[in-house]
Amino acid sequence: MTVAYPRKFRNQLSAYDILSQVVKNREIHMITLNRYRFNEQRSCKDLTNLIEVLNGKPRELVKELSHHVKDEANHAEWLTDLLYELGADLGTPPGVSYIDNFERLLGYSSIQDQETGMIEALAAINVTEKRGCEYFSAHIKVLKENPSPENDKIRATLERIMPEEAGHVRWGNRKLAEVAKQSPEHYQKVEQAKQKYVAIEQAAYESGMDVLGGAELRRVDNLLKIANTLPLWERPQYLLKSIPDALFDGELQKTRLDLLQQSWQKDPAQFFQNLLPMFLSGELSVKKAK
Ligand SMILES: [Fe+2]
Ligand SMILES: [Fe+2]
C-alpha cells in the first residue's frame with residue numbers, strides 16, 4: 001500500500017531547515033504561529049462541513065469526526081491564548097494561505113459519488129495532518145535548541161498539541177486501511193485517493209512557500225503531477241481549469257510585492273545584494289542548517 005507522506009519543499013529544504021530560520025526573526029515566528037492558529041481554526045470549519053455532507057452516515061465516522069472537531073478547536077484555542085499572551089496579531093495571517101491553496105487545487109477536480117467523496121476526504125485530512133505533525137515536531141526541536149522564556153512558552157503549547165495530531169494521523173491511517181480492506185475496488189480507490197492528495201498537498205504547500213521568480217511555471221509542473229493521479233478522462237479538464245489560475249495569480253504578485261517592500265525598507269543593501277537576485281533567479285538563499 002502507498003505510504004503517503006509529504007515531501008520537502010522543492011526537494012531541498014526540510015521543515016527543520018525552514019523553522020531554524022523562522023525562529024530567528026520574531027515577526028516571522030509570530031506570523032508562523034498565527035498561521036498554525038488559522039489552520040486549526042479553519043479545520044474546525046472544514047470538518048463540520050464534512051459532518052454535514054455525511055448527514056449521519058456512516059455513524060461511526062460521524063462520531064469520530066465530532067471528536068476530531070473538538071480537538072482542533074482546542075488547538076485553535078491554545079494557540080490563540082498563546083498569541084494573545086505574547087501580544088501578537090490574531091487576524092488573518094498575511095501571504096498566500098496553505099489551506100486556500102489546498103482548497104483551490106481540490107476544487108478543480110470532480111468527485112463522482114458519496115463513498116468516493118468520503119475516501120477522498122479521509123485521504124485529504126490524513127495528508128494535511130501529516131504535514132502538521134512534520135512542522136510541529138521540527139518546530140519543537142528547533143525551540144529546544146533555542147531556549148528563551150518566550151520560546152519555552154511556545155514550545156509548551158506545541159508539545160500539548162503534538163500528541164493529538166499524531167493521534168489524528170494514526171486514526172486516518174486506520175480508517176483508510178479499513179476501507180481498503182473491504183474489496184479490491186475499495187483498495188484501488190484508497191490508493192488512488194492517497195496518490196492524488198499527496199500530489200495536491202505538495203502543490204498547495206509549495207505554492208504557499210514559493211514566491212520566487214518562476215514560481216508560476218513550477219506550479220504548472222505540480223499541476224501536471226496532480227493530473228497524472230487522476231483518471232485519464234478527467235485530466236484535460238483539470239488542467240484547463242487550474243493552469244490559468246496558476247499562471248495569473250494576483251495573490252502571489254501581492255505577496256511578492258509585500259515581501260520586496262518590507263525587505264527594502266528594512267535593509268536596502270541586503271535587498272540589492274541578496275533578495276533581488278534571488279527573486280529574479282528563483283534560487284533559494286536560505287542556507288541548509290545542519
Ligand atoms: Fe490540530
Ligand atoms: Fe489534527
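Are Arg-131 and Glu-201 buried or exposed? Select the two of them to start: both are buried, where buried means under 20% relative accessible area, exposed over 50%, and partly exposed in between (1.4 Å probe, protein chains only).

Before you click further, note that this is a predicted model, where local features need pLDDT of at least 70, side-chain atom pairs count only at pLDDT 80 or more, and totals for chains, interfaces and linings use all residues. Residues are numbered from 1 along each chain as its sequence is written, chains are lettered from A and ligands numbered from 1 in the order in which they are written, and side-chain values use heavy atoms, with hydrogens and water left out.

**Stop 1: Arg-131 and Glu-201**

Keep that pair selected and show the side chains. Arg-131 makes a salt bridge to Glu-201, with 2.8 Å between the closest N and O atoms. The two come from distant parts of the chain: Arg-131 sits in helix H5 (residues 114-145) and Glu-201 in helix H7 (residues 184-209), 70 residues apart. A salt bridge here is a side-chain nitrogen of Lys or Arg within 4 Å of a carboxyl oxygen of Asp or Glu. Helices are DSSP runs (H or I, at least four residues), numbered from the N terminus.

**Stop 2: Lys-153 and Glu-85**

A search of the whole structure turns up 11 salt bridges. For another one, pick Lys-153 and Glu-85, whose side chains meet at 3.1 Å, N to O. This pair also ties together distant parts of the chain, with Lys-153 in helix H6 (residues 149-181) and Glu-85 in helix H3 (residues 59-85), 68 residues apart. Switch on the surface and look at each partner: Lys-153 is partly exposed at 41% relative accessibility, while Glu-85 is exposed at 53%.

**Stop 3: Lys-175 and Glu-178**

Stay on helix H6 and select Glu-178 with Lys-175, which form a salt bridge at 3.8 Å, N to O. They are separated by about one helical turn because they lie three residues apart in helix H6. Lys-175 counts as buried at 8% relative accessibility, and Glu-178 is partly exposed at 38%. Now add Glu-60 and Glu-64 to the selection: these two, Lys-175 and Glu-178 are linked in a network of salt bridges.

**Stop 4: Ser-20**

Finish in helix H1 (residues 15-22), where you will find Ser-20. What does its side chain reach? Show the backbone too: the Ser-20 side chain comes to 2.6 Å from the backbone oxygen of Tyr-16. Ser-20 is buried, with a relative accessible area of 10%.

Key
A polar contact is a pair of N or O atoms within 3.5 Å; within protein, one must be able to donate a hydrogen and the other to accept it, and residues adjacent in sequence count only if both atoms are side-chain atoms.
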